[in-house]
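Below is a walk through one protein chain, going from the whole chain to a single helix. Please look at the sequence and the structure first.

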Amino acid sequence: MKNIILAEDHKVIRYGLKMLLESTNEYKIVFDASNGLEVLNALEDGLDADLIVSDIGMPILDGIALIKELSNKEYRIPVLIMSMLEDESHLFDAIRAGAKGFLTKSVDAEELFFALSRVTLGERYICAALSTKIVDGVLNSNKLPQTEFNGLEFSSREIEIMQLIGEGLTNAEMADKLFISRRTVEGHRQNLIDKTGAKNTAVLMRFAFAKGIIN
């Protein structure tokens, strides 16, 4: 069971999150606070936890300031931010400060639990809604990196897919690693086969090896 500190200034939301998390019997809320200062005081009093789930907008000490203070005091507890704010600027501020994950409060329980599992494993997680927004912004800006081999252009994602195939990952494993759907991975794989004229994945891998895309 993972021990969680919950920081949220809205009592109803805090109580609801606590009930939801503890209903799984996988998480225990060892402390709930209405601001970041209460979290710091509890830690200084000896409280320990596997994860902190925190709002951004709190009085006295907000979520971003809490993350910075945790770093200054050398606490190694990962922080997952949950926010009503759905713009990229707050996401970037949180990640720069040291947050390991960022969710909007519109996520469903399934995505919340998935994010918790990723962050407690030491990985990062950004909710699907914001990830899609960021990717759309990159695509619309026409700044998606391209690499050319023999007159064929490959996006950074296509190269990443070839490298992961070369590592022996399945479509499902690649989907989990890249936070995309299995169908999207399958689409990339087929597009690569079509683009290179390869008859199958084995021939695609020979192409990737010959061009130095994989070692």
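**From the chain to one helix**

The protein chain carries 24 positive and 32 negative charges, and the mean positions of the two sets are 5 Å apart. The model is predicted. Its C-alpha trace spans about 60 × 35 × 30 Å along the principal axes, and the chain has ten helices and eight strands.

Of the 215 residues of the protein chain, 38% count as buried; here, buried means under 20% relative accessible area. The chain exposes about 11800 Å², of which carbon and sulfur atoms supply 50%. Contacts can also be sorted by separation along the sequence: among those between residues at least 6 apart, 58% join residues at least 24 apart.

Helix H3, residues 63-72, shows how burial is arranged in one element. Its residues Gly63, Ile64, Leu66, Ile67 and Leu70 are buried. These residues lie on the same side of H3, because they cover an arc of only 160° around the axis. What covers the buried residues of H3 includes two helices, H2 (36-44) and H4 (88-97), together with the strands E3 (51-54) and E4 (79-83).

The two ends of H3 can be described in turn. At the N-terminal end, Asp62 acts as a cap: one of its side-chain oxygens lies 3.2 Å from the backbone nitrogen of Ile64. Ile64 is also among the buried residues of the helix. After H3 comes Glu74, which has a positive phi, near 60°.

Note on methods
Residues numbered from 1 in each chain as written. Predicted model: local features only at pLDDT ≥ 70, side-chain atom pairs only at ≥ 80, totals over all residues. Heavy atoms only, no water. Buried < 20%, exposed > 50% of the residue type's maximum accessible area, 1.4 Å probe, protein only. Helix = DSSP H or I, 4+ residues; strand = E, 2+ residues; numbered from the N terminus. Arc of directions from axis to C-beta. Contact = heavy atoms within 4.5 Å. Polar contact = N/O pair within 3.5 Å; in protein donor to acceptor, adjacent residues only side chain to side chain. Areas by Shrake-Rupley, 256 points an atom, 1.4 Å probe, with all protein chains shown as cover. Lys, Arg positive; Asp, Glu negative; His and termini not counted. Charge placed at Lys NZ, Arg CZ, Asp CG, Glu CD.
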